[in-house]
Amino acid sequence: MTDLSWPDEQMIRAAREGDAAAITTLVSDSYPHVRRFAHTLCASAEDAEDAAQEALIILYRKIGTLRASGALASWMFRIVRNECLRQWRTMTRQPEPIPDSAVASAEEEAVRRLEAGRVAAVIAALPADQRRVLIMRDVQGYSGRMVAGVLGLSVAAMKSRLHRARATVQHELRNTPRPNPEGSERND
């Protein structure tokens with residue numbers, strides 16, 4: 001069975017300090033996680049592979065700038081998300097969106113990240129056809145006709161898949177407990 005855990009803190013610390021073997025191991029051990037996340041966000045498998053590779057290149061080049069070893073996963077997911085968005089913007093040639101306002105506190109940021117991870121996990125669990133439609137329509141902002149055209153579907157079929165995906169996500173989010181920043185679960 002494949003180990004699905006992120007590299008340990010000692011490995012990350014050694015990589016941050018410039019140990020070439022640790023950096024190599026860190027990049028290869030992070031690949032399955034980065035690739036899986038990219039496939040949930042990007043419009044196509046090719047875009048996902050490109051985003052995952054770009055994220056690993058950034059990891060390789062900038063591991064020394066990572067402030068906390070425990071932040072590797074969120075840092076990598078943010079890089080992957082940004083790469084998927086960059087690819088989409090390049091493809092659609094739309095202007096950069098206005099950046100989100102600053103987060104009021106570290107606790108709010110932690111809660112936001114936990115909730116985003118929860119939503120990403122629910123979306124990742126969707127069937128591939130529903131996940132692609134949902135991501136292209138709701139995350140990437142493509143028009144319904146564009147999504148249908150790219151995926152080779154009728155507009156009605158695209159709308160049906162989108163409806164099923166949204167309903168499943170809403171149902172799962174309502175029926176799964178929310179984690180809190182301290183690690184124990186809560187039901188709000």
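1. Let's start with the order of the elements. In this predicted model, the chain runs α-α-α-α-α-α-α-α-β-β from the N terminus on. That amounts to eight helices and two strands, with the helices written ahead of the strands in that order.

2. Next, a look at the contacts. Counting contacts in the protein with a separation of 6 or more, 61% come from residues 24 or more positions apart.

3. How much of the protein is buried? Of its 188 residues, 31% count as buried. As for the surface, the protein exposes about 11,700 Å², and carbon and sulfur atoms supply 53% of that area.

4. Now to the cysteines, which you may want to find in the viewer. The structure holds one disulfide, and its partners are C42 and C84, with an S to S distance of 2.1 Å. As a reminder, a disulfide is a covalent bond between the sulfur atoms of two cysteines.

5. Where along the chain do C42 and C84 sit? C42 lies in the loop between α2 (20-41) and α3 (45-62), while C84 belongs to helix α4 (residues 72-92). The two cysteines are 42 residues apart, and their pairing links distant parts of the chain.

6. Two more details on this link, for anyone looking at its geometry. The angle about the S-S bond is -80 degrees, and the link of C42 and C84 is left-handed. Are these cysteines buried or exposed? Both C42 and C84 are buried, so each has under 20% relative accessible area.

Note on methods: Residues are numbered from 1 along each chain as its sequence is written. This is a predicted model: local features need pLDDT of at least 70, side-chain atom pairs count only at pLDDT 80 or more; totals for chains, interfaces and linings use all residues. Side-chain values use heavy atoms; hydrogens and water are left out. A disulfide is a pair of cysteine sulfur atoms within 2.5 Å. Helices (H or I, at least four residues) and strands (E, at least two) are DSSP runs, numbered from the N terminus. Buried means under 20% relative accessible area, exposed over 50%, partly exposed in between (1.4 Å probe, protein chains only). Contact means heavy atoms within 4.5 Å. Accessible areas come from the Shrake-Rupley method with a 1.4 Å probe; for residues, only the protein chains shown count as cover.
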